[in-house]
Structures are given as structure tokens and as C-alpha cells.
Amino acid sequence: MTAPQTDRLRLDGRSALVTGAGQGLGRAEALALAAAGASVVVNDYDAGAAAQVVAEIESRGGSAVAAPGDVSDWSVAEGLVQAAVDSYGRLDVLVNNAGVLRDRLIFNISEQEWDTVIGVHLKGHAATTRFATAHWRARSKAGETVDARVINTSSEAFLFGSPGQPNYAAAKAGITALTLSTAHACGRFGVRANALCPRARTAMTENVFGEAPEGADPLSADHVAPLVAYLASPAAAAITGQVFVAYGPMVALAGAPTVEKRFDASGPSWTLEDLDGALGSYFADRDPGAGFTAAEFYALS
Ligand SMILES: NC(=O)c1ccc[n+]([C@@H]2O[C@H](COP(=O)([O-])OP(=O)(O)OC[C@H]3O[C@@H](n4cnc5c(N)ncnc54)[C@H](O)[C@@H]3O)[C@@H](O)[C@H]2O)c1
């Protein structure tokens with residue numbers, strides 16, 4: 001990403017924590033935040049990968065520290081926020097990105113496969129957010145004007161309910177709700193929280209998107225990173241509680257769920273016969289797969 005020149009797009013004097021930033025989307029996002037002027041705490045489970053990204057940021061003239069560890073551990077998450085405070089005196093931007101897959105159809109999934117994915121994604125987002133928002137609340141209570149950001153990583157798997165990923169789709173749905181809850185609870189002390197559903201060719205998706213084509217890759221993680229840097233910037237102070245889909249040259253804003261059709265009982269309560277009359281006839285005339293279906297999801301890929 002080319003470094004922005006306009007002040008309201010720059011992050012000079014701000015510090016950002018990016019989880020799972022040792023490779024893939026997190027690495028691209030950490031580099032983009034550093035290019036915009038932020039000092040970056042680079043977290044990853046893999047300490048060597050985190051150190052390499054720190055070296056890359058420093059070689060481009062930026063400032064970064066490595067903070068390896070497992071984000072699904074509450075005390076590690078607390079330590080990551082503390083690492084930003086210790087290194088840069090403050091945290092301003094939290095990018096929750098770390099993730100793993102344990103794909104399995106719901107009727108085959110093991111308890112461990114369920115817990116691992118919910119733990120790294122959902123608990124891993126909640127744990128860092130818990131300590132980052134406490135940090136911002138304390139600064140606000142001390143009289144400071146806080147301008148902070150949480151940028152979470154959801155997925156189209158949540159929007160479309162991908163069949164082989166019940167654990168992952170549920171975790172990403174939870175992350176979306178966590179984002180909205182954080183936006184509502186912490187807006188009054190300067191926090192803006194948004195979620196991203198990215199697509200990129202990374203280690204996680206090598207079996208989905210296959211080999212990169214010759215030349216420029218339309219599914220490069222570098223295409224997603226500018227949106228993260230923008231949402232982190234002062235220019236995005238009015239954006240909160242939103243869900244974006246981003247890949248290639250596209251950013252799409254997801255709409256909130258809406259009521260498709262309302263049914264009213266003829267009396268004070270429904271009878272099963274009345275429900276059958278109302279819902280039965282409605283669904284008889286309607287394609288049961290209408291709306292976002294798995295088929296449509298894969299057709300989009
Ligand atoms: N690539 C895509 O198309 C795509 C689509 C939708 C959502 N996402 C989401 O984007 C995020 C990044 O995915 P990616 O494609 O870059 O994957 P990736 O596998 O390339 O990178 C994930 C990184 O997270 C780190 N990590 C895993 N568990 C961790 C833990 N417990 N603590 C700290 N770090 C941990 C890994 O070491 C790795 O460096 C994930 O949350 C993923 O679910 C990706």
C-alpha cells in the first residue's frame with residue numbers, strides 16, 4: 001500500500017495491535033498500518049513469523065515489536081494490550097485477525113475441532129477486545145479524548161452458512177455480534193468497532209482458491225489491507241457497527257438483517273392450524289433456498 005499523505009488518513013503517533021499477523025491477511029494489514037504511520041504490535045502464535053514481519057516493517061522505516069502468543073488465552077490477550085502500552089505508551093487500534101480452520105460437517109465434528117475454532121476466533125477476538133476496551137475506558141475516564149478502533153475479522157462463511165464449516169461459521173457469526181455489541185457499549189468513550197469479511201489467497205485458503213495466477217494476484221491480501229488502514233484512520237470516525245465484504249478491487253457494505261414478511265394471528269395467539277395456513281402457504285409458494293444459499297456462495301467464488 002502506498003503511504004497516505006493526507007493527515008486524516010495517517011496514523012502517526014498511534015499504535016496498533018494485529019493478531020495472527022505473521023502471514024496472510026494479518027501480515028498485509030500490519031504492513032499497511034505501519035505504512036500509514038502506526039507503530040505496530042505484531043502478534044502471532046508463530047514467534048518466528050511475527051519476528052519476520054517486525055523486521056519487514058523496520059526495513060521499510062516503520063516501528064514494530066513482536067508479541068507472540070495464543071490469542072485464545074485470556075492472560076496472553078491482556079499481555080498483548082500491555083505490550084502496546086509498554087512499547088508505545090498506548091493502544092489505539094486493535095485488529096483481530098488470528099484464525100485457524102478445522103473443517104468438518106456438523107455430523108462428524110469432534111468436541112476438540114469445535115472448541116479450537118470457537119476458541120481461537122471467537123474467544124480470541126473477545127479476549128483482546130476485553131482488555132483493549134478497558135484500556136480506552138480508563139483513558140477516557142482520566143479525561144482524555146479517545147479515538148480508538150476495533151477491526152474484527154468475520155467471514156462470508158457466516159453470511160452464507162458454509163456447510164463444511166459449522167464451527168467456523170458459528171464463530172464468525174459470534175464475532176459479528178461481538179462487533180455490534182462493542183460498537184454499542186464503547187461508542188460513548190470513543191471506540192469504533194467494525195467487522196470485515198475478507199477473501200484472499202493465503203495459507204488458510206490455498207485449497208479453496210488454488211494456485212496464484214501469473215502476474216498480479218486479484219486475490220492478494222494486499223487488496224484487503226487498505227480498508228483496514230482506512231477504518232483505523234481518523235477519517236473513519238463516523239463508521240461503526242458495520243460489516244464489510246472486501247476482496248480484489250471491491251468493498252461491499254452488508255445490510256442489517258431485515259424482516260422479510262410479517263404474519264399476524266387472527267386472535268391473541270396462534271393456533272397450529274392458523275400457523276399452517278399462514279406459514280404453510282407462504283413456504284409452499286416460495287423457493288426454500290431463496291436468499292443466501294451455499295450454492296450461491298460457491299457460485300460467487
Ligand atoms: N483468506 C480468506 O479468504 C479469508 C476469508 C474469510 C475470513 N478470513 C479470516 O481472515 C483471518 C486471517 O486469515 P488468513 O487467510 O490470513 O490465514 P493464515 O492461515 O494465512 O493466517 C492466520 C494466522 O493466524 C495465526 N494464528 C492461528 N492461531 C493463532 C492463535 N491462537 N494466536 C495467535 N495467532 C494465531 C497463524 O499462525 C497465522 O499466521 C482469519 O480470521 C480468517 O478466518 C480469511
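## Salt bridges and the largest pocket

D12 is partly exposed, with a relative accessible area of 45%. Its side chain meets that of R10 in a salt bridge. This model is predicted. Two topics follow: the salt bridges, 12 in total, and the largest pocket, with a volume of about 1000 Å³.

**Salt bridges: the background**

- Side chains of opposite charge can pair when their charged atoms come close.
- How many salt bridges does the structure hold? The count is 12.

**R10 and D12**

- In this pair, nitrogen and oxygen are 2.7 Å apart.
- Is R10 buried or exposed? R10 counts as buried, because its relative accessibility is 18% and the cut-off for buried is under 20%.
- D12, at 45%, is partly exposed, so this salt bridge joins a buried residue to a partly exposed one.

**R104 and E113**

- The side chains of R104 and E113 also form a salt bridge, with 2.5 Å from N to O.
- R104 is partly exposed, at 38% relative accessibility.
- E113 has a relative accessible area of 13% and is therefore buried, since buried means under 20%.

**E156 and R199**

- Which residue does E156 meet in a salt bridge? Its partner is R199, at 2.7 Å from N to O.
- E156 sits in helix α5 (residues 156–160), while R199 sits in the loop between β6 (191–198) and α7 (206–209). The pair therefore ties together parts that are 43 residues apart in sequence.
- Both E156 and R199 are buried.

**A network**

- Salt bridges can also be linked, as the next group shows: R90, D92, R139 and E144 form a network of them.

**The largest pocket: its lining**

- The lining of the largest pocket is made of 46 residues.
- Which residues lie nearest the centre of the largest pocket? They are G99, V100, L101, Y168 and M204.
- By class, 18 lining residues are nonpolar, 20 are polar and eight are charged.

**The largest pocket: where the lining comes from**

- Several helices contribute at least two residues each to the lining of the largest pocket. These include α1 (24–35), α4 (111–141) and α5. Others are α6 (166–186), α7 and α10 (294–300).
- Helix α5 thus appears under both topics: α5 holds E156 of the salt bridge with R199, and α5 supplies residues to the pocket lining.
- Domain 1 (7–253) and domain 2 (260–301) each give at least three residues to the lining.

Key. Residues numbered from 1 in each chain as written. Predicted model: local features only at pLDDT ≥ 70, side-chain atom pairs only at ≥ 80, totals over all residues. Heavy atoms only, no water. Salt bridge = Lys/Arg side-chain N within 4 Å of Asp/Glu carboxyl O. Buried < 20%, exposed > 50% of the residue type's maximum accessible area, 1.4 Å probe, protein only. Helix = DSSP H or I, 4+ residues; strand = E, 2+ residues; numbered from the N terminus. 1 Å grid on protein atoms, 1.4 Å probe; cavity = no way out; pocket = protein on both sides within 12 Å on 5 of 7 lines; lining within 4 Å. Points joined across faces, edges and corners; volume = space filled by probe spheres on them. Nonpolar A, V, L, I, M, F, W, Y, C, P; charged D, E, K, R; others polar. Domains from an automatic or database assignment.
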